[in-house]
Amino acid sequence: AKHAGRNRIQVYSDRMESPSAESLILENDLYKALERDELRLHFQPQFSCRTGAITGAEALLRWEHKGKLVSPAEFIPLAEETGLIVSMGRWVLRRACALAQRWRTDTDWPLRVAVNLSAVQLDRPDIVDEVRAALSDTGLPATALELEITESVVVRESLRAAAVLNQLRALGVGIAIDDFGVGYSSFAYLRELPVDRFKLDRSFLSAIPQSPGDSRLAAALIAMAHRLEVGIVAEGVETAEQAAFLASHQCDEAQGYFLGRPMTEDAFGVLLRQHVRT
Ligand code: C2E
Ligand code: CA
Ligand code: CA
Ligand code: CA
């Protein structure tokens, strides 16, 4: 609850009457966020369900605005509407690759970094070049980068998305389907797009172990991933019971508050060094 509270933006609510004025000011400030150096990356560790080892980290964007951390849920939609997501996304990609490569060299640990890609970025003709440049400029091996795309985008724009994602895969980059299983029942995209991983949406986990129906569904999706030879990472693991459930159903990896919250890049560097030493 503390986390959610800190991520809410309440800066204007008592001064402004209308939400449109509020979002106008936010938009104005968002334009300056990059040049003012107000963007931060937080990292959330991902763990092997079998060994407990850290396998990777998801980079999550934060905006430090007037002393508060603004949640991406508040500003990513605005950044997408305005096209700002393109320059922000480029910043995220380069910074995540640079940090991951630094951590890998410091610790000799085969860390993978996951970066969220917006549909707007995927639509840009130069996205493949951008990813290639981020890798070569930072020295991060392509296999250590995973791009997360939400399932809705892949389903909606199946053909075009598949063409771009296949080019990215040809670089050696991994493709993960984010929010896997939420509301999009068509798996036809899997014919055009051999994905590397599914990220099981946290809504499947939230009712485990109370709901036998949800437990069976989650188990079935894990089994399906295995049959398709696609890796699967469960998101939103908040309890020991959920972690035990995932391990007992041979889920590959897990991510969530119970295992590790998103943290600053410095904190993640410390965590990884400790993890590697012990
Ligand atoms: P997402 O990609 O599904 O990221 C997972 C979200 O779940 C993150 O929220 C994370 O902090 C949160 N989370 C992690 N573990 C738990 C848990 O155990 N319980 C609960 N309830 N939540 C958990 P966050 O950081 O607020 O990000 C929200 C969304 O914003 C992300 O959802 C992603 O769609 C988007 N986003 C974040 N960073 C970027 C970025 O760099 N680029 C783009 N395009 N989108 C981003
Ligand atoms: Ca994600
Ligand atoms: Ca489009
Ligand atoms: Ca997700």
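Begin by selecting the two calcium ions, ligand 2 and ligand 4, which lie 4.2 Å apart in this predicted model and are both coordinated by Asp178. Coordination here rests on donors, meaning N, O and S atoms within 2.8 Å of the metal (3.2 Å for Na, K and Ca), and sites may look incomplete since water is not among the atoms. Before going further, note that residues are numbered from 1 along each chain as its sequence is written, while chains are lettered from A and ligands numbered from 1 in the order in which they are written. Because the model is predicted, local features need pLDDT of at least 70 and side-chain atom pairs count only at pLDDT 80 or more, whereas totals for chains, interfaces and linings use all residues; side-chain values use heavy atoms, with hydrogens and water left out.

Now show the side chains around ligand 2, where the protein donors are Glu58 (OE), Asn116 (OD1), Glu148 (OE) and Asp178 (OD), at 2.1 to 2.3 Å from the calcium ion. Along the sequence these donor residues have the spacing E-x57-N-x31-E-x29-D. Distant parts of the chain are linked in this way, with Glu58 in strand E2 and Asp178 in strand E6 being 120 residues apart; helices (H or I, at least four residues) and strands (E, at least two) are DSSP runs, numbered from the N terminus.

Move next to ligand 4, whose protein donors, Asp178 (OD), Asp179 (OD) and Glu235 (OE), the last listed twice, lie 2.3 to 2.7 Å from the calcium ion. Their spacing along the chain is D-D-x55-E. Here Asp179 in strand E6 is 56 residues from Glu235, which is found in the loop between strand E8 (231-234) and helix H11 (240-248).

Then select ligand 1, which is surrounded by 20 residues, the closest being Gln44, Arg62, Asp178, Glu238 and Tyr257; a residue is counted if one of its heavy atoms lies within 4 Å. This shell divides into eight nonpolar, five polar and seven charged residues, where Ala, Val, Leu, Ile, Met, Phe, Trp, Tyr, Cys and Pro count as nonpolar, Asp, Glu, Lys and Arg as charged, and the others, Gly among them, as polar. Strand E2 (54-65), helix H3 (72-82) and strand E6 (174-180) each supply at least two shell residues, and the largest share, four residues, comes from E2.

Which distances should you look at around ligand 1? A polar side-chain atom of Arg62 is 2.8 Å from an oxygen atom of ligand 1, and an N or O atom in the side chain of Asp178 is 3.0 Å from an oxygen atom of this ligand; a polar contact is a pair of N or O atoms within 3.5 Å.

Finish with two backbone details, remembering that most residues other than glycine have a negative phi, and most peptide bonds are trans. Lys66, in the loop between E2 and strand E3 (68-70), has a positive phi of about 50° although it is not a glycine. Ile208 and Pro209 are joined by a cis peptide bond with an omega of about 10°.

Notes. A polar contact is a pair of N or O atoms within 3.5 Å; within protein, one must be able to donate a hydrogen and the other to accept it, and residues adjacent in sequence count only if both atoms are side-chain atoms.
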